Amino acid sequence: MALRVVADFDLRKDVLPWLRAQRAALAAGAGAPGGGAGIFENNYESLRVLNVERNGNIIYTYKDNKGNVFFGLYDCQIRQNEHLYTFEKDLQVVSGSVNSERTLLAASLVQTTKEGRKNELQPGSKCLTLLVEIHPVNNVKVLKAVDSYIWVQFLYPHVDSHPLPENHLLLISEEKYIEQFHIQVIQEDGNKVVIKNSGHLPRERVAEDFVWAQWDMSEQRLYYIDLKKSRSILKCIQFYANENFNLMFEAPLDISLSDSGFKLVNFGCDDLQDQEKLSKYLTLCVFTNHTGSLCVCYSPKFDSWEQITYSVFYFHKGHSKTFTAALRSADSHVTQGITFLNLDYYVAVYLPGHFFHLLNIQHPDLICHSLFSTGNNEVIDMLPHSPLQSLSGSLVLDWSSGKLYRAFLNQSYLLEFLWNTRLDWEKIAVLHCVLSCGRDPQFLEAKIIHWVSENISTCHSFDLIQEFIIASSYWSIYPETSNWDKLLPYSSVLTWTTVHSFQGYWEKLNFHLEYVKYSKPPLHYNNSVVRREWHRLISEEKTGKRRSRVYVRNILDNAIKVISNLEARSLEPRLTPLFQEEDNPQRLLVGLMVSELKDHLLRHLQGVEKKKIEQMALDYVSKLLDLICQVLETSWRKHNLHPWVLHFDRQVSVAEFAVFHTMTRILEATNSLFLPLPPGFHTLHVILGVRCLPLHNLLHYIDNGVLLLTETAVTRLMEDLDNTEKNEKLKFSIIVRLPPLIGQKICRLWDHPMSSNIISRNHVKRLLQNYKKQPQSSRIDKSSFSIEFLPLNYFIETLTDLESSSQALYAFEGHDNVDATFVEEAALRHTMTLLGL
């Protein structure tokens, strides 16, 4: 299944044995026969979870055989139970909460009918809201006695000092108002904690006239919706360590709640709702995460059994999406409503027995961002079919069973899905989903690279290698630098944008909202600057005109640091013969990308240490190169290639064809984004190309820039191949395509008439480049020439005169050590070859 749920807490396993042991001990002490174990057997069905506090502690309640109401707490840290308080009256618990020091218990209770059902609060009935001193058990104060239901929730502020001098308690009324009580406590007689001035507790109104409210226990936020002229206005209040609270924002929602009644989310167990009616009740919840995203998930009341509609409002992106899912058949019966689960970077939309929808909320603008599974399969059936409540931190509470789960994306299932799917949109969605899991990234990357190497040619809508390199590099940096969400590219199909660095959630969200509000064009970052600068440096290198040596040295130093990073990352020796040559062009490109990325970050990230930014730029470029190396290494290992494949005297194999194809696809992926390649990549690519391709295909690849001739590759070609007719044709075709400077070096390595011919042509071209015809004698001394052929004799004499000039000697000193005599001999040999003599 796409989700893996692990039970963090189970009432029957973590609480029930302790309660039985407590009962048995009490019964044994009272001398009851049989230890009293059977007493609780008749009453354990009343055991239920009441609330989950911010620190993870779980409050539960049950009734004994006498109708007494028991409150207990399960400490999730030490995994122990604690008795809080017992009301020796037959009451029905509505809500309960305990403060962080466990000195105060707030509870809301109502009377029950003789049949044991909840009192529907007929006129004259009372809902008691009580505040109990429980350290030790002492006074009980009545906060409210009203004819409407009340829910209670203690605040758990972020503070380092303990204990707190003042506690804050929220009271949420069915009459659609919320109050905050401020409760000061003092210590008496040692450790005894009592309420100070319990008769006059300060309180204030927080909200009123709302129809829906949700409590965020992790971040201590209250979301609620009120209706203004039939418009649904979402508001958010942030509570702080002191008694202050602020209205953070209010925003209209394009939904109708005018006839939806009253609904609370995450204020404890909603035992007042008739579970059979849940399937026709609207579902609404707010999800946030540490990156500054805020989503509102909404599903209206069901109008039919044929299809279900739900919407997601991406506040941090400024837009929303609405989905409609058809049920399996017209007679399908929906026993409960839609459940939305918060999975940090994703939201899962879940309807038991019908469908499971996984939505990417971090990047909803990704072309293909969601996964949708339907039918009665394992993806759906392995999730609980009872009503679920999504808490913070990927916690999911099943009220009916009393189990608290921690939900994760199931890496094993997603990897299997990746192998089996044939749809491009599912591949890109699952790829990002797997990479976002973040657990054991080296294991994940190895598995994904294996999949990439097997499916390079199966994606038609996007470049698989390109997408993997960009996405994996992004997710390797993102968890540690979440403030830089929009600073680095997360997909190869999108542009690069920037975002400022912020400290807290509200700053991040506010930036998102301001960005959407004013629709400012993003500050794009891409390698176009690197491309221009790299071409400029290469051009200067060819012409011998270099700018400041310090500038170039700094760029090459960046490349050295990246390569050192790569060597440190490599746990095993590399099989592929990379990083074995200088490859100055690629080193310049690596260093330039580090330099430009660092400058870009420094421009747009204020308040971040320069060393941290420099390290991030180095890590990011190192990661890019490492992924390329890993893809190639995987292909190399898969086909069991060895270094001797680089020798030209061996017969080519099918495995070499496969590796050459992989390298070509890597080159295509990096070229369009102008990403650097590991030094030595082009040399290896050319050598495999010479071995695998027919001559006409090889030359076509070279002429179209697919194969980039390097001095190392051509040198090996000239030294390893003999001068058969086929090899001569290959060598000559290669030499004439070399840049002049490299061509001059290579020609001297090939002792062949063709090489002499090329050297002669270059020599003549240099001599005649600025030649101006001068008057000279029409008579030629024939005795100085071995063959009497007037055009050649005249030409050689002209060259000799040019060589004799001091200017020519200065200009061409040290170039090939050739002269007019060498040119004459080369011309005669070439003529004889053409004439077949």
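# Loops, strands and helices: worked exercises

K176 sits in the loop between strands β11 (166-173) and β12 (177-188); here helices (H or I, at least four residues) and strands (E, at least two) are DSSP runs, numbered from the N terminus. The model is a predicted one, where local features need pLDDT of at least 70 and side-chain atom pairs count only at pLDDT 80 or more, while totals for chains, interfaces and linings use all residues. Residues are numbered from 1 along each chain as its sequence is written, and side-chain values use heavy atoms, with hydrogens and water left out.

## Exercise 1: Two loop residues

Find the sign of phi for K176 and D209, and say how accessible each residue is.

Step 1. Start with the background: most residues other than glycine have a negative phi, and most peptide bonds are trans.

Step 2. Now look at K176: its phi is near 70 degrees, which is positive in a non-glycine residue. With a relative accessible area of 32%, K176 is partly exposed (buried is under 20%, exposed is over 50% and partly exposed is in between, using a 1.4 Å probe and protein chains only).

Step 3. Go on to D209, in the loop between β14 (203-208) and β15 (210-216). Its phi is near 60 degrees, again a positive value in a residue other than glycine. D209 has 56% relative accessibility, so it counts as exposed.

## Exercise 2: A tryptophan in β15

Work out whether W215 is buried or exposed, and which residues it touches.

Step 1. Place W215: it belongs to strand β15.

Step 2. Check its accessibility: a relative accessible area of 1% makes W215 buried.

Step 3. List its contacts (heavy atoms within 4.5 Å). Leaving out residues up to four places away in sequence, W215 touches Q153, L155, L170, Q220, R221, L222, F239, V265, N266 and F267.

Step 4. Try one distance: W215 and G268 are 53 residues apart in sequence, yet their C-alpha atoms are 9.5 Å apart in space.

## Exercise 3: A sheet and a cis bond

Give the strand order of the sheet that holds β7 and β8, then find the cis peptide bond in the loop after β8.

Step 1. The order is β6-β7-β8-β9, in an open sheet of four strands with antiparallel pairing (two strands pair if DSSP finds at least two bridges between them).

Step 2. Pick out the edges: β6 (91-98) and β9 (137-146) each pair on one side only. From one strand to the next, the twist averages 25 degrees.

Step 3. Zoom in on the middle: β7 (residues 104-111) and β8 (residues 127-134) run antiparallel and are joined by seven bridges. V110 stands opposite C127 in β8.

Step 4. Follow the chain to the loop between β8 and β9, where P136 lies. The peptide bond from H135 to P136 is cis, with omega near -5 degrees.

## Exercise 4: Two helix pairs

Decide whether α12 and α13 are roughly parallel or antiparallel, and do this for α4 and α6 too.

Step 1. Take α12 (residues 610-638) and α13 (residues 654-673): their axes come within 9 Å and cross at roughly 165 degrees. Axes are lines fitted to C-alpha atoms, for helices over the stretch in contact, and angles run from 0 to 180 degrees between N-to-C directions.

Step 2. Apply the cut-offs: under 35 degrees is roughly parallel, over 145 roughly antiparallel, 65 to 115 roughly perpendicular, and the rest oblique. Therefore α12 and α13 are roughly antiparallel.

Step 3. See who meets whom: I628, V631, L632, S635 and W636 in α12 meet V659, T662, M663, I666 and T670 in α13. This contact has seven nonpolar, three polar and no charged residues (Ala, Val, Leu, Ile, Met, Phe, Trp, Tyr, Cys and Pro count as nonpolar, Asp, Glu, Lys and Arg as charged, and the others, Gly among them, as polar).

Step 4. Turn to α4 (residues 411-420) and α6 (residues 441-454): their axes come within 10 Å and cross at roughly 10 degrees. So α4 and α6 are roughly parallel.

Step 5. Finish with the residues: Q411, L415, L418 and W419 in α4 meet L444, K447, I448, H450, W451 and E454 in α6. Sorted by class, they give six nonpolar, two polar and two charged.
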